[in-house]
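Please open the model in your viewer and keep the selection tool at hand. We will go from one selection to the next, pausing at each stop to see what is there.

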Amino acid sequence: MPYYGKYDSPDDLLRDDTVSYQEKLELLKSWRDDKEAYMRASEDGMAGDDRSDRLRQIASALTTLEENPPN
């Protein structure tokens, strides 16, 4: 998880100019997939914090990135 511990939020990743557009897409999709898997596990009775707010933030960041590709 290359984003783990490096970014406090998806917006932090979007603002990182050292990461390419494609890398940002890949990192956000990976982050989303990890959170979705975590939420499925939580629904199956595994304990943990609710991550639905973070999942919404990730989805919003992905939308922002996809709607604003580099020229």
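Is Arg56 buried or exposed? Select this residue and show its surface: Arg56 has a relative accessible area of 52%, and because exposed means over 50%, Arg56 is exposed. Before going further, keep in mind that this is a predicted model, in which the protein chain has an average pLDDT of 85, with 86% of the residues scoring at least 70.

**The whole chain**

Zoom out and colour the chain by secondary structure, and you will find three helices and zero strands, so that the order of elements, read from the N terminus, is α-α-α. If you then colour by confidence, helix 1 has the highest mean pLDDT among these elements, at 95, while helix 2 has the lowest, at 89. With the surface switched on, the accessible area of the protein chain amounts to about 4900 Å², and 45% of that area belongs to carbon and sulfur atoms. Of the 71 residues in the chain, 30% count as buried. Looking at contacts between residues at least 6 apart in sequence, 54% of them join residues that are at least 24 apart.

**The nonpolar core**

Next, select Tyr7, Leu13, Leu28 and Trp31, which are the residues with the most contacts inside the largest nonpolar core, a group of 13 residues. Helix 1 (10-15), helix 2 (21-43) and helix 3 (52-67) each give two or more residues to this core. Now keep Leu28 alone and display what surrounds it: once its neighbours within four places in sequence are left aside, Leu28 is in contact with Pro10, Leu13 and Leu14, and also with Ile58, Ala61, Leu62 and Leu65.

**A buried lysine**

Stay in helix 2 and select Lys24, which is found there. Which side chain of opposite charge is nearest to Lys24? It is Asp17, at a distance of 4.8 Å, and Lys24 is buried yet has no salt bridge. The reasoning is short: because a salt bridge needs the nitrogen and the carboxyl oxygen to be within 4 Å, the 4.8 Å to Asp17 does not meet the cut-off. Apart from neighbours within four places in sequence, the residues in contact with Lys24 are Leu13, Leu14, Asp16, Val19 and Leu65.

**The salt bridges**

How many salt bridges does the structure hold? There are three, and each can be selected in turn.

- Begin with Arg15 and Asp12, whose closest N and O atoms are 2.6 Å apart. These two residues are separated by about one helical turn, because Arg15 and Asp12 lie three residues apart in helix 1. Arg15 counts as exposed at 55% relative accessibility, whereas Asp12, at 25%, counts as partly exposed.
- Move on to Arg32 and Asp33, which form a salt bridge with closest N and O atoms 3.2 Å apart. Arg32 is partly exposed, with a relative accessible area of 27%, and Asp33 is partly exposed as well, with 37%.
- Finish with Arg56, where the tour began, and its salt-bridge partner Asp53, the closest N and O atoms being 3.8 Å apart. Since Arg56 and Asp53 are three residues apart in helix 3, about one helical turn separates them. Asp53 counts as partly exposed, at 43% relative accessibility, while Arg56 is exposed.

Notes: Residues numbered from 1 in each chain as written. Predicted model: local features only at pLDDT ≥ 70, side-chain atom pairs only at ≥ 80, totals over all residues. Heavy atoms only, no water. Core = buried A, V, L, I, M, F, W, Y, C linked by side-chain atoms within 4.5 Å. Buried < 20%, exposed > 50% of the residue type's maximum accessible area, 1.4 Å probe, protein only. Helix = DSSP H or I, 4+ residues; strand = E, 2+ residues; numbered from the N terminus. Contact = heavy atoms within 4.5 Å. Lys, Arg positive; Asp, Glu negative; His and termini not counted. pLDDT = per-residue confidence, 0-100. Areas by Shrake-Rupley, 256 points an atom, 1.4 Å probe, with all protein chains shown as cover.
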